[in-house]
Structure formats: C-alpha cells, structure tokens
Amino acid sequence: MQLWGRVAHDIDSGARAAYDKCIRMHNAVRWRATLLKTRRSYVVSTTTHISNEEMLQRIVRFEDVKKRGIPLMFIDSILPRHQRMNYSLVGDTASENPEFDPMLTQPHNFQIGMVKAPPGSGPAYHTHDYIEAFMPLTGQWRYYWGNSPDGIEGEATIGPWDFISLPPGLWRGFENISDTDSWLFSVLEPHAAFAGKDPYWAPKVITEARTYGFEADERGKMIKPPNYAELREHLLRTLNPEEF
Ligand SMILES: [Fe+2]
C-alpha cells in the first residue's frame, strides 16, 4: 500500500507540475496577446489624426441650434396642444418632414434631437420601432403611455435631469405642463429615415391631421397641404418669435 501510495503521489506531483506549466504558458500567451492588442490600439489611436478644425466642427452651439428648428416636423405638429419646435443635432432623428438638417453629419451610432414646446403642448400619441429616451432640460413634462393606441395605462411627471427611456412598440405621448416654453433633449437608436411609417400615430391623430391637409405616405414622408408655407411661417412666428 505504501508503494502504491508513493507511485500515486509521484503521478499526482507530475500531473500537477504539468498542469502548472500549462497555466503559466497560457497566461504568458494571454499576456502577450493583451500587450499586442494594447500596442495595436495605441498605434491606431495615435495614427488617426483629427485636426483642430475638424474637432471644432464637432461642437454644436445652442445659439445655432435655435436658428435651425423645424415647426412642422410631424403631421401632428399642426394640431392644437401638439405644436412644437423640433431640432436635429445628430443623425436623421425621427421625422416625417425632409426639411430637417442635422447640425452634425459625421457618423454616430445614435441620433440626438431636441424639442421646444409651449405650455400644454407636446407630441401626440404615437410609437416607434426603436427606443427613444428623453431628459428634460427645462420645465416639467408629463409622459403617458399604454400598450395600444386606444388607451393610457400609466403616466409620470419628470423635470430637469430626470430621464425616461421609452421601449419600441410602447404607445406614448408627452406634454409640457409648465407655464413657460420648455426644452427636452432626446436620444434615439439609429434608424433609417423614410424607410416606412415612423412614427406610427394613433388613428385619432391621423384623422385630425387630415383635417389640416397633413398625412404621411407609406414611407413615412409628409404629404403637405397647398398652404404649407403659410402654416409654417405662422407657426415659426408663434413658436419661435425670437428667431424669426
Ligand atoms: Fe417619438
């Protein structure tokens, strides 16, 4: 028994030494791989040259943003209680109106917009195929939501520095419940503009918008009424008098 015990001990020791050697080699290989990866990213980051001029072009000044608002970005934007200004900072944002002109056109893996709404106003009941999230910059905002276009199942009031993330397919609307014009900052998942209906509006909203001559085609692009230019100017004067 003692002999077999010794043999077993020797076998265990040999196996353990071999195992330890394997671990050391494995760690060495991983360490070298990490080092190479680090060196590679270091080389890439130092060989990608961004000029000061390019960098300065990636700064968006709020004073410029305010001049680039769109008063009729969506078919509901003409409706009382839903009139508002929409701003596109990065990417295609959500839009039914091809007039929008993003402040930054460099590729980003997200889209950023802003909204300014007068008291009692905000987007009508709608949904998207992608997440949209909001942070109020000023004012108090009531958000309401539901799982169908027919009813509201929940609501919450949020203010500056609060944040709300609305999942795809959830029906939602929101309104500025303050007594002054208020601003929202929004982040959206990337999505193609004019690839289909976007947003999806509650049937009631579509019916109301039609009475003003507004609707969206199958690609989600706004069909404008003959008096569009006149309506646009009226809304600009009303919603954005300081920039008109
Ligand atoms: Fe939306």
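**Exercise 1. The nonpolar cores**

Task: Find which residues have the most contacts inside the largest nonpolar core of this predicted model.

Solution.
- Start with the count: the largest nonpolar core has 16 residues.
- Those with the most contacts inside this core are Ile75, Ala124, Tyr125, Ala202, Val205, Ala209 and Phe214.
- Take Phe214 from that list. Leaving aside neighbours within four places in sequence, Phe214 is in contact with Ile75, Ile78, Ala209, Met222, Lys224 and Pro225.
- Another core lies apart from the largest one, and has 10 residues. Among them are Met85, Met114, Val115 and Leu184.
- As background, nonpolar side chains tend to be buried together in soluble globular proteins.

**Exercise 2. The open sheet**

Task: Give the strand order of the open sheet of five strands, then work across the pairs.

Solution.
- The order is 1-2-9-4-7, and the pairing is antiparallel.
- Look at the edges. Strand 1 (85-90) and strand 7 (164-166) each pair on one side only.
- From one strand to the next, the twist averages 25°.
- Step from strand 1 to strand 2 (residues 111-117): five bridges join this antiparallel pair. Asn86 has Val115 of strand 2 as its bridge partner. Val90 has Ile112 of strand 2.
- Step on to strand 9. Strands 2 and 9 run antiparallel and are joined by seven bridges. Here Gly113 stands opposite Ser186 in strand 9.
- Next comes strand 4 (residues 132-136), joined to strand 9 by five bridges, again antiparallel. The bridge partner of Met135 in strand 9 is Phe185.
- Check the cover on strand 1: five of its six residues are buried.

**Exercise 3. Leu188**

Task: Decide whether Leu188 is buried or exposed.

Solution.
- Place the residue: Leu188 is in strand 9 (residues 182-188).
- Count around Leu188: 21 other C-beta atoms lie within 10 Å.
- Apply the cut-off: 20 or more means buried. Leu188 is therefore buried.
- Now compare sequence with space. Leu188 and Asn109 are 79 residues apart in sequence, with their C-alpha atoms 9.5 Å apart.

**Exercise 4. Unusual backbone**

Task: Work out where Trp161, Phe194 and Pro199 lie, then describe the backbone at each.

Solution.
- Recall the background: most residues other than glycine have a negative phi, and most peptide bonds are trans.
- Trp161 is in the loop between strand 6 (154-158) and strand 7. Its phi is near 80°, a positive value. Trp161 is exposed, because 8 other C-beta atoms lie within 10 Å and the cut-off for exposed is 12 or fewer.
- Phe194 is in the loop between strand 9 and strand 10. Its phi is near 60°, also positive. Phe194 has 16 other C-beta atoms within 10 Å, so it is partly exposed.
- Pro199 lies in the loop between strand 9 and strand 10 (200-201). The peptide bond from Asp198 to Pro199 is cis, with omega near 0°.

**Exercise 5. The whole protein**

Task: Summarise the protein, then find where the pLDDT is below 50.

Solution.
- Count the elements: five helices and 12 strands.
- Of the 244 residues, 25% are buried.
- Take contacts between residues at least 6 apart in sequence: 71% join residues at least 24 apart.
- The mean pLDDT is 86, and 79% of the residues reach 70 or more.
- Residues 33-43 have pLDDT below 50. Beyond near neighbours in sequence, this stretch has zero contacts in the model.
- Where pLDDT is low, the predicted coordinates should not be read in detail.

Conventions: Residues are numbered from 1 along each chain as its sequence is written. Helices (H or I, at least four residues) and strands (E, at least two) are DSSP runs, numbered from the N terminus. Two residues are in contact if their C-beta atoms, placed from the backbone, lie within 7 Å. A nonpolar core is a set of buried Ala, Val, Leu, Ile, Met, Phe, Trp, Tyr and Cys residues joined through C-beta atoms within 7 Å. Two strands pair if DSSP finds at least two bridges between them. Axes are lines fitted to C-alpha atoms, for helices over the stretch in contact, and angles run from 0 to 180 degrees between N-to-C directions. pLDDT is the predictor's confidence in each residue, from 0 to 100.
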